[in-house]
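Me: I'd like to go through this fold with you, piece by piece. Could you start with the terms and then move on to the overall picture?

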Amino acid sequence: MLKRLTLAATLTALPLCGLAADFVEGKHYVQVTDNAPSKTPKLTEFFSFYCHNCFNMEVMYLPAIKQGLKQGISFDTKHVDFMNSDIGTEVMRSLAVIQQKGNKPELVHAMFAAIQGADGGQGHHDHSAPGHKHEPEIQTSADIKAVFAKHGIDAAEYDKLAYSKDTDAKLELWRKEQQELMIQSVPSFVVNDKYKINLQEIRTLEELSELINYLATEKDKAVEEDKGGSLGWAAIGLLALMAMGRRRLV
């Protein structure tokens, strides 16, 4: 149902260490759209509460990734719609509610745990593994509301947030961006709404942070400088041709 990757094993095997990385487009990252980058630098994680590696990422790696962002780079999360089902949509709505309630980590963890089991984020439990005994607590919207009620959000408040026009618009945007940015596995990281990181080529958390910061604050600036340099040389060449023409006329 959900496509997965082996980032957890890769990042666990190697320590945080200094690494002079030369990032290559097409290897470490890909440009997924020709649209202009976001107006401000940003990192977006596309994930699913049903994804085991996403739970690992949330608990074991995401705090360090967010801490490693340069000042001015914002962070956002968006839930994918790989399931294309009623309950899948309800789970997506739960993230929208969490975001409206201030992105409280305990609510995120509660939703992961309700679906995968409390120890799923520590690498001990794989919900998709053969023979697992954990059955998801989330089967209906009522089950989701029960999770939120344990954290002080009653059904009336939940419904008001989950079924608002703003939430409907947010889910529509998530689905649209999932297609436009070619999100085919989770977790996936997209920088500036333009560059998707190839996590399978990343060896350490530090390398990942370096790549994110490079793409968010330097990549497009370097492209613009290259364009400016090319135009500058073209202008110089044109002026030289004009000067030669004047000499011939004289």
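Reply: Contact here means heavy atoms within 4.5 Å. With that in hand, residues 24 or more positions apart account for 78% of the contacts in the protein chain with a separation of 6 or more. This is a predicted model, in which local features need pLDDT of at least 70 and side-chain atom pairs count only at pLDDT 80 or more, while totals for chains, interfaces and linings use all residues. Residues are numbered from 1 along each chain as its sequence is written, and side-chain values use heavy atoms, with hydrogens and water left out.

Me: How many helices and strands does the protein chain have?

Reply: The protein chain has nine helices and five strands, where helices (H or I, at least four residues) and strands (E, at least two) are DSSP runs numbered from the N terminus. Read from the N terminus, the elements follow the order α-β-β-α-β-α-α-α-α-α-β-β-α-α.

Me: And what percentage of the residues is buried?

Reply: Buried residues make up 43% of the 250 in the protein chain, with buried meaning under 20% relative accessible area, exposed over 50% and partly exposed in between (1.4 Å probe, protein chains only).

Me: OK, which residues have the most contacts inside the largest nonpolar core?

Reply: Those are F49, V91, M111, I138 and F148, in a core of 37 residues; a nonpolar core is a set of buried Ala, Val, Leu, Ile, Met, Phe, Trp, Tyr and Cys residues joined through side-chain atoms within 4.5 Å. Several elements each supply at least two residues of this core, including strand 2, helix 2, helix 3 (86–100) and helix 5 (141–149). A second, separate core of 21 residues includes Y29, L43, M57 and L215. As background, nonpolar side chains in soluble globular proteins tend to be buried together.

Me: What does F148 touch?

Reply: Leaving aside neighbours within four places in sequence, F148 is in contact with S94, V97, I98, L107, M111, I153 and Y158.

Me: And L43, from the second core: where does it sit, and is it buried or exposed?

Reply: L43 is in strand 2, and it counts as buried because its relative accessible area is 0%. Beyond neighbours within four places in sequence, its contacts include I65, L69, F75, F189, V191 and I212. L43 and K196 are 153 residues apart in sequence, yet their C-alpha atoms are 9.8 Å apart in space.

Me: Switching to aromatics, how many pairs are there?

Reply: Rings of Phe, Tyr and Trp (its six-membered ring) pair if their centres lie within 6.5 Å, and planes under 30 degrees apart count as stacked, over 60 as edge-to-face and the rest as tilted; by this rule there are seven aromatic pairs. One of them joins F49 and F112 edge-to-face, at 4.9 Å centre to centre with 80° between the planes. That pair links distant parts of the chain, 63 residues apart, with F49 in the loop between strand 2 (42–47) and helix 2 (52–67) and F112 in helix 4 (residues 105–116). Both F49 and F112 are buried, and F47, F49, F55 and F112 form one aromatic cluster.

Me: How do helix 2 and helix 4 cross?

Reply: Their axes come within 11 Å and cross at roughly 145°; axes are lines fitted to C-alpha atoms, for helices over the stretch in contact, and angles run from 0 to 180 degrees between N-to-C directions. At this contact, H52, C54, F55, E58 and V59 in helix 2 meet V108, H109, F112, A113 and Q116 in helix 4.

Me: Any backbone oddities I should look at? Where is P187, for instance?

Reply: P187 is in the loop between helix 7 and strand 4 (188–191), and the peptide bond from V186 to P187 is cis, with omega near 0°. M182 lies in the loop between helix 7 and strand 4, and its phi is near 55°, a positive value in a residue other than glycine. Phi of D193 is also near 55°, and D193 lies in the loop between strand 4 and strand 5 (195–197).

Me: Why does D193 count as partly exposed?

Reply: D193 counts as partly exposed because its relative accessible area is 22%. The C-alpha atoms of E180 and D193 are separated by 9.7 Å, with the two residues 13 apart along the chain.
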